[in-house]
Amino acid sequence: MSSKKILWICLAIIGGGILITTLIFSTEPEAQMEGASLETAMLVDVMPVNKGTFEPVIVATGTVQPVEDVNLSPLVSGQIIRRDAAFTPGGFVKKNQVLLQIDPADYRNTLALRESELLQSQTTLDTEMGRQQIAQQDLKLIVDDSLFGNDPLSEEERQLVLRKPQLNAVNATIGASKAAVDQARLNLERTTIRAPFDAHILSQNVTKGSLVAQGDVLGRIVGINAYWVVATVPVSKLQWLRFPTNETKKGAPVRIENSSAWSGDAYREGYLDRQIGALDGQTRLARVLIKVEDPLAISSTNEGLPKLMIGTFVEVHIQAEPIANVVKLSRDYIRSNETVWVMKEGKLEIRNVDILLTDDSFAYVKNGLEDGDKVVITDLSTVSNGIGLRTKSEEGE
């Protein structure tokens, strides 16, 4: 077969293919676009709100400290001749209970010596008073023998004749002797070291036979009637805390918890005692003192309650003053930039709100929400004013 014939056959095949393809595309049925886009409202949960009066609870952290904390030191020196068995770390003592006894022998001798000096001074006074009577008689004779009975002596000479300087010297000696006796008696009393209050012994540094000097630290004791919890709170929240106005009143009640050491439902009760007038140097927060009575649960009324330990880190729940005419809303429903999502007539409204106070769980909204408003509590990925919303109840209808 010639090459020319082959060429014509190829051209015929190509032309036929083009013809068939054109025919197929020209006879293919066209798709019809029907229907319309359906705009669907987002399904959300809402919560109606109402204004009222609420009592916030401000949560803070604090450290337990003793109200009464004393390092015992002697005011006189000497040897310890007796130590009470209760004066040992962990022991409990009553007010005025004898803890230590310093050897009093030297101080008794000193007191006896000072008392004898006082007696001697009083004897000298008695002798001087006899001389005073003689001096007054001598002065009378001098006046009577003078011309016309006039006193020829000056006031200074008159005082010398009446022995006033000698009498003043004796009185001064008696005064010094009495002071010396009082000091000796006081030093003797100071050889007995007593507990200044009902106390818990934290440390004991001496025992029987120890030599002590004035200023030595014999041990550390803390009062057991009350402890303080030093807590820190933001300065802005101080206005909502109630402190006592005098020593007979108590401040706002406080619930004290220690989740790391106590069981979940265990707690202690205290009350706001006072505010420290300086901010914490590191956190710049205000410091308040919370007083807890019977912190070691010694009394029968507190039997079984957990005991506070000095230095423990605890959580405090402070009852704040009531706030009127506000909406109480979970902090989870406060959106960015202090806004709240509200559903109104099937649409979303993003409202700016005025938050008066926030505690650990709730925000208290003063302005921006009214009675009956439906707050959207569902988290939405994309929001904008006016988007459609629907609830489950509307979906059911």
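## Exercises on pockets and strand pairing

The residues that line the second largest pocket of this predicted model divide into four nonpolar, two polar and three charged.

**Exercise 1.** Work out which residues line the second largest pocket, and which element gives the most to the lining.

*Solution.* Begin with the space itself, which has a volume of about 170 Å³. The residues that surround this second largest pocket are Leu-72, Ser-73, Pro-74, Leu-75, Glu-189, Arg-190, Thr-192, Ile-193 and Arg-194. Next, assign these residues to secondary structure: α4 (164–190) and β9 (192–194) each supply at least two residues of the lining. The largest contribution is that of β9, with three residues.

**Exercise 2.** Describe the largest pocket by its volume, its lining residues and the classes to which they belong.

*Solution.* The largest pocket holds about 200 Å³ of space. Its lining is made up of Lys-250, Tyr-267, Arg-268, Glu-269, Gly-270, Tyr-271, Glu-293, Asn-302 and Leu-305. Sorted by class, this lining has three nonpolar, two polar and four charged residues. As a last step, look for the element that gives the most to the lining, which is strand β15 (residues 268–276), with four residues.

**Exercise 3.** Establish the strand order of the four-stranded open sheet, and explain why β5 and β7 each have one side without a neighbour in the sheet.

*Solution.* The four strands follow the order β5-β12-β10-β7, and their pairing is antiparallel. Because β5 (69–72) and β7 (92–93) stand at the edges and each has a single partner strand, one side of each is left without a neighbour in the sheet. For β5, the pairing can be followed in detail: four bridges join β5 to strand β12 (residues 219–223), and the two run antiparallel. Within this pairing, Asn-71 stands opposite Arg-220 in β12.

**Exercise 4.** Trace the pairings that strand β16 makes with β13 and with β15, and give a bridge partner from each pairing.

*Solution.* Take β13 to begin with: strand β13 (residues 226–233) is joined by eight bridges to strand β16 (residues 286–293), and these strands run antiparallel. In this pairing, Tyr-227 has Val-292 of β16 as its bridge partner. Turning to β15, five bridges join this strand to β16, again in an antiparallel arrangement. Here the partner of Arg-274 in β16 is Leu-289. The strand β15 also links this exercise to the second one, since β15 gives four residues to the lining of the largest pocket.

Methods: Residues numbered from 1 in each chain as written. Predicted model: local features only at pLDDT ≥ 70, side-chain atom pairs only at ≥ 80, totals over all residues. Heavy atoms only, no water. 1 Å grid on protein atoms, 1.4 Å probe; cavity = no way out; pocket = protein on both sides within 12 Å on 5 of 7 lines; lining within 4 Å. Points joined across faces, edges and corners; volume = space filled by probe spheres on them. Nonpolar A, V, L, I, M, F, W, Y, C, P; charged D, E, K, R; others polar. Pairing = 2+ DSSP bridges.
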